[in-house]
Amino acid sequence: MWSDETKIESFGNNSTRRVWRKKNAELYPKNTKPTVKHGGGNIKLWGCFPAKGTGRLIRVKERMNGPMYREILRKNH
């Protein structure tokens with residue numbers, strides 16, 4: 001079985017982007033991007049692909065640890 005976790009942002013993404021622009025042009029509308037204060041929230045998901053096909057998609061509400069991972073596997077094998 002193969003499994004993975006991902007975090008989906010409600011607004012935009014959590015990566016940093018760098019751009020080149022002319023001096024004093026940082027506030028031009030084409031050089032700005034709207035944001036949401038405090039990030040707008042996110043959801044963490046876990047999914048798996050066992051030999052018999054795709055598994056369930058599970059919402060992870062806390063930080064993933066060993067006991068939590070084993071419990072998810074036990075319930076969704």
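**Note on the aromatic pairs and overall fold**

1. In the protein chain, 57% of the contacts between residues at least 6 apart in sequence join residues at least 24 apart, a contact being heavy atoms within 4.5 Å. This is a predicted model, in which local features need pLDDT of at least 70 and side-chain atom pairs count only at pLDDT 80 or more, while totals for chains, interfaces and linings use all residues. Residues are numbered from 1 along each chain as its sequence is written, and side-chain values use heavy atoms, with hydrogens and water left out.

2. The protein chain has one helix and three strands (DSSP runs, H or I of at least four residues for helices and E of at least two for strands, numbered from the N terminus), and the order from the N terminus is β-β-β-α.

3. There are two aromatic pairs in the structure (ring centres of Phe, Tyr and Trp, the last by its six-membered ring, within 6.5 Å; planes under 30 degrees apart are stacked, over 60 edge-to-face, the rest tilted). Trp2 and Phe49 make a tilted pair, with 5.3 Å centre to centre and 35° between the planes; because Trp2 belongs to strand S1 (residues 2–9) and Phe49 to strand S2 (residues 42–49), this pair ties together parts 47 residues apart in sequence.

4. Trp46 and Tyr69 make an edge-to-face pair, at 6.3 Å centre to centre and 80° between the planes. Trp46 lies in strand S2 and Tyr69 in helix H1 (residues 66–75), so parts 23 residues apart in sequence are tied together.

5. Trp46 is buried at 0% relative accessible area, whereas Tyr69 is partly exposed at 29% (buried is under 20%, exposed over 50%, partly exposed in between, with a 1.4 Å probe and protein chains only).
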